[in-house]
Amino acid sequence: MTKRDDAALFGNRFLTMPAPSETFPEEGMAATDAMRLLDVDLAMEGDPQRNLATFVTTWMEPEAQRIIAENLHRNFIDHAEYPISAEIEQRCVRMLADLFNAPGKTTGCRTQGSSEAIMLGALSLKWKWRERRQAAHLSVDRPNLIFGGDVHVVWEKFCRYFDVEPRIVPLAEGKYTIGPEDVEPHLDGNTIGVVAVLGTTFTGHKDDIVGIDKLLRDVRKERDLDIPIHVDGASGAFVWPFLYPDSKWDFRLEQVRSINVSGHKYGLVYPGIGWLVFREESDLPKDLVFHENYLGKTDATFTLNFSTGASMVLAQYYNFVRLGRQGYTYVMKMLQENAHVLADNLRSSGRFEVIGSDLEQLPLVAFRLVGEHAYDESDVAWQLSAERGWMVPAYTLPPNAERVKIMRALVKETLSREQIDRLSQDISDACRTLDDKGATHGSERAQVKRGTGY
Ligand SMILES: *Cc1c(COP(=O)(O)O)cnc(C)c1O
């Protein structure tokens, strides 16, 4: 028998072959071989369970997984063929509008994630601004958008892709969110909107949305400028309604016209789902909605993508009906409780200070070293990953707080109390290794004195 025949009989032909990578493969391989080739390769990358860097869901219930697996062949955009999936999207939008306290009938849509939702929401701001300017016979060539340095990179992307001047409020050491006093000097007739973040990527806090709303209501009265707020609630809009129901950040505030949220973050769904919700139907400019009839029936679409799977929409609806307010509140409180335990462990190790855990915050722990060391947070992150495979990022904050380096651990449903205790111990062990051998990571700045604060 040739080696080839043996491979056909015993499989695993891929074991002694390089993985196809440069040219389109001439020949195929058996299904089992293809599956094993991928499995073996993927086993070498990070384990999602130990990925505390990502905000994205890494665990769902088996029943939800079944719904997802059974609907992978359903193209969400085929509304004519799959009207029930389309109706389920609309149910989710109505539920979110209710959760965000919309005053009346509203509209919104499913997106691929918050990034698509933000592009669409910000385009709506630009279009509505242009309508207002044109109605007043004013120029429409210099739109600007105001946000803090605490936003996600997608906001700068929007400005570059769609030709809007970004007016970015810098941060400062000890000040990692923005408020009305930061926004005020940048406002003018060309401002299409102000972005406020609910749960920043950096430290998990919220901008002063109540204060910014008050400022913009005053500006509307005194200067006859109606400037809307878009709330980037990618993470926070599934956390605040449950942990801080009395804290106002949503449509209870008059100038908040649109909100995005990632279903795949604290919406507790696997990657590939986001939401955009408008305050009122009129906040979505008609010009941005396209009508087409290729799929058998005239249909309106407001998306950047077209074809996409229906599974994640269905999984989101599954979570809404499965958990309800009661269930989401339970999950969020549990995550918050574990985040507090991790924060306490880190503080009591004497090695770290925790940033802003006494404020309203996402279920995460942002922390930094205290005292003098021959190593910094990047070294700790590296050592922790090398010793235990935990992925906890270390990064510098945006300008002008870039001298502050922090680490951040997301607390999700995969992090049980047992894991929290193990992680705390592993972080201490990593520090002890570094105490003994010094920096491993080519630290940019050894022996830096740390202040405390925030
Ligand atoms: C994650 C995140 C985004 C981008 O969302 P995706 O769903 O990953 O596209 C935008 N803004 C904030 C505040 C985020 O945390």
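Me: Hi! How many nonpolar, polar and charged residues does the lining of the largest pocket have?
Reply: Hello! By class, that lining has 10 nonpolar, 7 polar and 5 charged residues. Keep in mind that we are looking at a predicted model.

Me: Okay, and what is the volume of that pocket?
Reply: The largest pocket holds about 470 Å³ of space.

Me: Which residues are the closest to its centre?
Reply: Those are Q90, T107, G108, A300 and F302, out of 22 residues that line the largest pocket.

Me: And which elements give two or more residues to that lining?
Reply: Three names to look for: helix α4 (83-99), then β1 (108-111) and β9 (299-301).

Me: While we're around α4, what about N101? Where does it lie?
Reply: N101 lies in the loop that runs between α4 and β1. Its phi is near 60 degrees, which is a positive value in a residue other than glycine.

Me: Cool. Which peptide bond is cis?
Reply: The one from P399 to N400 is cis, and its omega is near -5 degrees. You will find N400 in the loop between β12 (394-396) and β13 (405-410).

Me: Let's zoom out. How many helices and strands are there?
Reply: The chain has 12 helices and 13 strands.

Me: And why call the chain as compact as a globular protein of that length?
Reply: Its radius of gyration is 25 Å, and the globule rule gives 22 Å for 454 residues; the two values are close, so the chain is as compact as a globular protein of that length. If you'd like the extents too, the C-alpha trace spans about 80 × 65 × 45 Å along its principal axes.

Me: How is the chain divided into domains?
Reply: There is domain 1 (66-319) and there is domain 2 (329-433). Taken over C-alpha atoms, their centres are separated by 30 Å.

Me: How many residues of each are in contact?
Reply: On the domain 1 side there are 25, and they are in contact with 28 residues of domain 2.

Me: Switching to cavities: how many of 30 Å³ or more are there?
Reply: The count is 1 cavity, and the volume of the largest cavity is about 90 Å³.

Me: Which residues line it?
Reply: The lining is made of F55, T57, T58, W59, K265, Y266, L268, L335, K412, E413 and T414. They divide into 5 nonpolar, 3 polar and 3 charged.

Me: Which domains does that lining draw on?
Reply: Domain 1 and domain 2 each supply at least three residues to the lining of the largest cavity.

Me: Last thing: what is the mean pLDDT?
Reply: The mean for the chain is 94, and 96% of the residues reach 70 or more.

Me: Where does pLDDT stay under 50?
Reply: That happens over residues 443-454. For that stretch the model has 34 contacts beyond four places in sequence.

Definitions and conventions. Residues numbered from 1 in each chain as written. Predicted model: local features only at pLDDT ≥ 70, side-chain atom pairs only at ≥ 80, totals over all residues. Heavy atoms only, no water. pLDDT = per-residue confidence, 0-100. Contact = heavy atoms within 4.5 Å. 1 Å grid on protein atoms, 1.4 Å probe; cavity = no way out; pocket = protein on both sides within 12 Å on 5 of 7 lines; lining within 4 Å. Points joined across faces, edges and corners; volume = space filled by probe spheres on them. Nonpolar A, V, L, I, M, F, W, Y, C, P; charged D, E, K, R; others polar. Domains from an automatic or database assignment. Helix = DSSP H or I, 4+ residues; strand = E, 2+ residues; numbered from the N terminus. Rg over C-alpha atoms; globule rule 2.2 N^0.38 Å.
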